[in-house]
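Okay, thanks everyone, I'll keep this short. Have a look at the sequence and the structure on the screen, and then I'll walk you through a few spots.

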Amino acid sequence: MAAMVDNGLLAAAFRKVLRHQHTTHRRLSYRPTGGSCPRVTGSSFKTKSSLSSGNYVEQSKQLTELGGGGGGPPRWFSPLECGCSSSTNSPLLLFLPGIDGSGHGLTLHYERLGEIFDVWCLHIPVTDRTPLADLVKLVRSTVRSEHNRAVKRPIYLVGESIGASLALVVAAQNPDIDLVLILANPATSLSKSLLQNVVPLWDIIDKHRSTSSIPVETILWKLNTIHEMQNHLNSNLRNVEAQTLILNSGKDILLSSIIEQENLRGVLKRCEVRSFIGNGDPLFLDDNFDLVAAIKHASYFRRGRSVDFISDFMPPSPSEFDMVYDPFRWMDVAVNPVMLSTLDNGKIIRGLSGIPSEGPVLFVGNHMMLAMDLVPLVSRFSIERNITVRTMAHPLYFERLTKDGKLPDLSFFDVFRVLGAVPVTAANMYKLFKLKSHVLLFPGGIREGYHRKGEDYKLIWPVEPEFVRMAVKFGAKIVPFGGVGEDDVLQLLLDSDDQMKIPPLKSLIEELTNEAVRLRSDAGGEVGKQLLYYPIVLPKLPGRFYFLFGKPIPTEGREDVLRNKDKAKEMYLEIQNEIDKCIGYLKEKREKDPYRNLLARLPYQGFNGFDSQVPTFDI
């Protein structure tokens with residue numbers, strides 16, 4: 001029997017399916033359980049998987065029927081060239097299947113997963129009756145052996161339904177190993193659901209009979225296994241130390257996954273939830289779901305013990321960019337940003353052609369209320385110049401000091417992280433300059449982004465030139481810019497000063513501020529007042545956003561700035577002065593823009609298309 005096994009399935013069955021597909025799909029490799037992955041160099045993962053959600057049901061049935069009932073013990077297989085990524089430090093990803101047990105639940109994601117992970121999938125034959133304890137032992141031994149082989153590399157356990165529950169059981173027994181759990185609709189409350197008759201047992205059986213050739217006896221065995229895992233997790237779930245991402249489609253027949261996700265989030269120490277309401281079940285077989293994108297959006301991809309927002313960052317693909325930007329396209333219609341830049345000769349032009357193509361480049365400017373300027377700025381660079389701008393962002397975009405607080409959920413900031421935001425630290429700026437990146441910095445930070453009434457377009461910067469010397473050290477071109485338009489979009493009614501006089505709002509401000517890491521807490525003056533609050537504003541009929549990027553300031557060869565603090569402050573003041581000039585220019589010119597108001601722009605956009613660039617003032 002062992003000689004007949006290929007790719008984790010009976011060789012004849014698997015090859016017949018591949019012939020049926022008329023494909024050149026790469027040969028899958030069988031892995032002995034508990035074995036280590038032989039390193040394969042030069043694996044490109046260019047070949048598209050031949051399987052699809054449309055024919056998955058048919059192929060699952062063939063794999064069962066042609067394989068003589070799918071006998072043999074559970075075993076690992078690698079979907080593409082041993083599942084080893086071309087990168088030598090790619091994390092290991094172990095896929096734990098749902099009730100069907102085939103291990104092909106990641107079919108639609110093989111190609112993209114293979115670019116960043118070593119992918120192993122667990123195949124559990126339909127006639128297998130391995131007890132839960134032995135199944136856990138199999139996965140645990142693999143996790144242990146692979147951890148010992150690369151102790152600094154995280155191991156990903158990706159599971160759906162029953163496989164997600166198995167991943168939790170393994171994690172609870174291995175709290176000392178760096179595990180990352182990606183769980184789709186985890187079946188951790190099935191026994192409770194059955195007891196409450198939320199889902200008739202026959203509906204569960206009928207569903208899985210219709211999507212595969214799984215015998216009723218196998219389905220009942222799996223349901224009993226889930227019940228065993230539920231009993232185990234009731235006592236041991238709090239032992240899970242793994243970083244956990246729960247993916248919820250809201251359509252799992254086994255349980256009310258929306259309720260269950262909140263239960264798990266409340267118990268697990270390091271748990272995030274992302275909802276994909278409207279997607280199918282199984283979630284991983286939905287053509288509209290992208291597993292790699294979901295992992296990246298939540299900042300769950302890492303190669304070491306913690307995520308490195310520089311080295312672990314992968315620029316969004318065109319499809320990813322469209323996916324994260326689509327919800328914000330209305331802003332193009334509402335505020336139709338005008339982008340201006342300055343050539344080396346000082347001439348102001350429409351568009352971003354005046355921006356240096358080669359880095360390192362540092363964009364420095366004023367910050368609009370509630371960071372309304374961030375998405376228009378970053379997206380325009382990507383669309384017009386194909387430049388990925390790395391935004392230096394406040395820690396609240398990346399972490400919380402308390403769980404279930406009053407600040408927006410971290411998922412609210414996924415779009416900024418996907419588009420390249422990094423925590424604002426000197427170390428991160430150093431790394432970005434070293435990589436010759438285009439970096440966006442708002443020195444006014446939270447204080448400027450949550451400014452008070454009457455402070456529109458006022459620079460509230462630290463006294464010390466925090467970024468100047470580092471820019472000079474790397475010879476970065478500094479591009480000062482100004483942005484205006486927030487006063488044409490909203491009117492600030494109650495700022496932090498007003499709200500601090502109202503006891504309930506004062507308590508809310510203090511709570512919000514204490515939930516996030518504070519920056520410049522030792523700074524004096526206005527810069528040190530890093531209060532987080534929800535401004536109470538009156539929306540206006542939208543005007544228009546305007547951005548002007550000034551003439552790039554070269555820093556290469558300015559060693560005098562490194563040696564002399566006065567020279568550094570002189571350059572610092574020069575940058576601020578240029579930003580004020582940009583703001584003044586835009587405020588004056590917008591008065592002559594016939595399309596400044598939304599009502600004036602709508603007829604033009606209706607005739608020329610809402611993606612069209614509306615004319616503006618003469619330059």
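So, which residues of α21 are buried? Before I answer, bear in mind that this is a predicted model. Right, the buried ones in α21 are A568, M571, Y572, I575, Q576, I579, C582, I583, Y585, L586 and K589. If you wonder about the spacing in that list, an α-helix has 3.6 residues a turn, so residues three or four places apart point the same way.

What does the helix lie on? Helix α21, residues 565-589, lies across β11, β12, β13, β17 and β20. Against β17 the helix runs at about 35°. Its length works out too: at 1.5 Å a residue, the 25 residues of α21 should span 36 Å, and the C-alpha atoms at its ends are 36 Å apart, so the two agree. At the N-terminal end of α21 there's a cap, N564, with a side-chain oxygen 2.8 Å from the backbone nitrogen of D566.

Now the sheet itself. It's an open sheet of eight strands with mixed pairing, and the order goes β12-β11-β20-β17-β13-β16-β14-β15. At the edges you have β12 (348-350) and β15 (422-423), each pairing on one side only. Quick reminder: strands of a sheet pair through backbone hydrogen bonds, either parallel or antiparallel. Take β17, residues 477-484, and β20, residues 546-549: those two pair in the antiparallel sense, over four bridges. If you want one pair to click on, F481 has F549 in β20 as its bridge partner.

Next stop, R544. You'll find R544 in the loop between β19 (536-539) and β20. Is R544 buried or exposed? Its relative accessibility is 0%, so R544 counts as buried. And where does that side chain go? It reaches the backbone oxygen of V614 at 2.7 Å, and the R544 side chain also reaches the backbone oxygen of P615, at 2.9 Å.

Last one, in another loop. E241 is between α8 (216-236) and β9 (243-248). With a relative accessible area of 33%, E241 is partly exposed, because that value falls between the 20% cut-off for buried and the 50% cut-off for exposed. Leaving out residues up to four places away in sequence, E241 touches P175, K269 and R270. E241 and L268 are 27 residues apart in sequence, and their C-alpha atoms are 7.6 Å apart in space.

That's my tour, over to you for questions.

Methods
Residues are numbered from 1 along each chain as its sequence is written. This is a predicted model: local features need pLDDT of at least 70, side-chain atom pairs count only at pLDDT 80 or more; totals for chains, interfaces and linings use all residues. Side-chain values use heavy atoms; hydrogens and water are left out. Two strands pair if DSSP finds at least two bridges between them. Contact means heavy atoms within 4.5 Å. Axes are lines fitted to C-alpha atoms, for helices over the stretch in contact, and angles run from 0 to 180 degrees between N-to-C directions. Buried means under 20% relative accessible area, exposed over 50%, partly exposed in between (1.4 Å probe, protein chains only). A polar contact is a pair of N or O atoms within 3.5 Å; within protein, one must be able to donate a hydrogen and the other to accept it, and residues adjacent in sequence count only if both atoms are side-chain atoms. The expected span of a helix is 1.5 Å times one less than its number of residues.
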